[in-house]
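Thanks for making the time this morning. I would like to walk you through one model, going from its strands to its charged pairs and then to its helix packing, and I will put it on the screen now.

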Amino acid sequence: MIAPRRLARLLILLPSTRFGGTERHTAELAARLTARTGIAVDLAAEPALHSGLGERPGVTLRAAALGWEGAPAGQQAAETARLLAELRPDAAFVPLPWPDAASGILPALAAAGLPRLVLLHLAPEAPAPEAPPALGLERAMIAAVSAPLTRRAERAWGLEPGTVALLPNPAPPPPVMERQAARARLRDALGLPPDAKLLLFVGRLEEAKGADLLPDISDRLPATLACAGDGPLRGLLESRAMGDPRGLLRMLGPVADPAPWYLAADALLLPSRLEGAPLVFLEAAAHRCPVVATPDALEALGEAAPAMACLATSPDGRGMAEAAGAVLDDPRRFDGMLARAAALAARQDWAKTVETALGLLRAAVLRAEESAG
């Protein structure tokens with residue numbers, strides 16, 4: 001195995017405070033980087049995230065107070081300095097759940113002159129700030145998980161167009177389980193007959209993901225809606241589910257492996273108001289589960305979105321229910337959509353993502369050498 005030039009130890013600084021798509025992507029990329037190259041990887045994150053990140057060969061979890069929500073930038077900077085002194089990495093990788101999530105980490109890395117790759121996972125549409133934040137990005141390699149996010153990152157950080165590279169989210173490998181068995185088993189677990197209509201939501205239970213729309217969607221459809229996830233709206237949704245006289249809104253809580261549910265469901269609901277490059281869409285596509293989504297949820301797909309999913313005509317419960325009803329009423333009508341989505345998922349695989357990430361890390365090392373020289 002050959003590691004990138006002068007890169008034997010990589011420090012990943014994860015400024016998250018909760019576990020979700022960004023964190024899952026980071027853990028998987030860390031494991032695949034070390035498996036591909038033999039690089040030693042230290043993954044520094046809040047202790048509360050460690051159980052979700054999991055134990056992975058070649059990846060050492062480090063406890064660090066890096067969470068950005070409610071924490072001062074000075075705390076992030078101090079923790080970054082401590083980790084650099086203790087671990088002496090050759091480069092750093094900073095995955096961002098939000099543009100300002102590493103306001104203490106990034107300047108500390110710049111002050112140390114360390115090669116670094118910054119990856120943005122999510123950002124809202126917003127006007128350019130009057131003065132770009134002082135994050136020390138001048139010599140960093142910067143990437144985002146979708147084309148819209150590359151443009152938002154450039155605007156938010158005052159960067160030249162074309163500065164931010166694309167490092168797309170990968171899809172999971174094709175499923176190995178049998179669809180009909182999964183459908184029968186999970187319907188039985190829910191106390192449903194084999195032919196019952198089943199819709200699925202997988203994600204954080206918050207307004208950004210459109211989770212507040214789920215009761216209204218459920219009220220409009222003669223189908224069971226299974227909700228997998230956790231978040232600030234969980235209590236409210238559980239209360240609504242308990243008060244549902246039809247018993248069609250079902251709360252599953254966090255689900256470690258949603259793959260069987262993609263096989264069992266008649267469609268995945270993606271009512272998000274803000275997404276970067278949703279992993280759940282690619283997961284559903286890889287499992288040939290139809291996706292019903294708001295246009296904002298699949299912004300990353302650009303003009304291809306209507307060919308990959310059934311899009312709601314309005315971003316509310318009524319629009320989502322109408323789109324889901326169309327899929328439930330005539331699923332064969334969407335066979336072409338399923339095939340195109342599955343082909344996209346097959347193209348966006350982990351091998352390509354790892355090679356792209358390695359290329360960006362190598363470029364970061366070369367930039368640092370040129371700056372030092």
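Let me begin with a convention that we will need for the helices: a crossing is called left-handed if the near helix is turned anticlockwise from the far one by less than a right angle, and right-handed if clockwise. Please also keep in mind that what you see is a predicted model.

With that convention in hand, look at helix α3, residues 73–87, and helix α4, residues 105–112, whose axes come within 8 Å and cross at roughly 40°. That angle makes α3 oblique to α4, and the crossing of these two helices is right-handed. A second pair to set beside it is helix α10, residues 279–286, with helix α13, residues 335–347, where the axes again come within 8 Å but cross at roughly 110°. Angles of 65 to 115 degrees count as roughly perpendicular, and α10 and α13 are therefore described that way, as roughly perpendicular to each other, while their crossing is left-handed.

Now let me turn to the strands, and in particular to β8, which spans residues 198–202. Is this strand enclosed or open to the outside? Five of its five residues are buried, so β8 is largely enclosed by the rest of the structure. If you follow the side chains along the strand, L198, L200 and V202 point one way, L199 and F201 point the other way, and all of them are buried.

Which strands does β8 pair with? One partner is β9, residues 224–228, which runs parallel to β8 and is joined to it by five bridges; within that pairing, L199 stands opposite L225. Another is β11, residues 267–270, which pairs with β8 in the parallel sense over two bridges, and here L199 stands opposite A267. L199 therefore has a facing residue in β9, namely L225, and one in β11, namely A267; that is simply a restatement, but I find it a useful anchor when rotating the view. The connection from β8 to β9 involves helix α7, residues 214–219, and the three elements together make a right-handed β-α-β unit.

Next come the charged pairs. As a general point, side chains of opposite charge can pair when their charged atoms come close. The structure holds 23 salt bridges, and I will pick out a few of them.

The side chain of D266 meets that of R183 in a salt bridge, at 3.3 Å from N to O. This pair links distant parts of the chain, since R183 sits in helix α6, residues 179–189, and D266 in the loop between α9, residues 259–264, and β11, with their positions 83 residues apart. D266 also forms a salt bridge with R187, at 3.0 Å from N to O, and that pair is 79 residues apart, R187 being in helix α6 as well.

Are the residues of these bridges buried or exposed? R183 and D266 are both buried; D266 counts as buried at 15% relative accessibility, and R187 does so at 0%.

For contrast, consider D230 and R234, which form a salt bridge with the closest N and O atoms 3.6 Å apart. D230 is partly exposed, with a relative accessible area of 37%, and R234 is partly exposed too, with 25%.

Finally, E125, R152, R155 and E299 are linked in a network of salt bridges, which is where I will stop and take questions.

Notes
Residues are numbered from 1 along each chain as its sequence is written. This is a predicted model: local features need pLDDT of at least 70, side-chain atom pairs count only at pLDDT 80 or more; totals for chains, interfaces and linings use all residues. Side-chain values use heavy atoms; hydrogens and water are left out. Buried means under 20% relative accessible area, exposed over 50%, partly exposed in between (1.4 Å probe, protein chains only). Helices (H or I, at least four residues) and strands (E, at least two) are DSSP runs, numbered from the N terminus. Two strands pair if DSSP finds at least two bridges between them. A crossover is right-handed if, with the strands pointing away from the viewer, the path from the first strand over the helix to the second runs clockwise. A salt bridge is a side-chain nitrogen of Lys or Arg within 4 Å of a carboxyl oxygen of Asp or Glu. Axes are lines fitted to C-alpha atoms, for helices over the stretch in contact, and angles run from 0 to 180 degrees between N-to-C directions. Angles under 35 degrees count as roughly parallel, over 145 as roughly antiparallel, 65 to 115 as roughly perpendicular and the rest as oblique.
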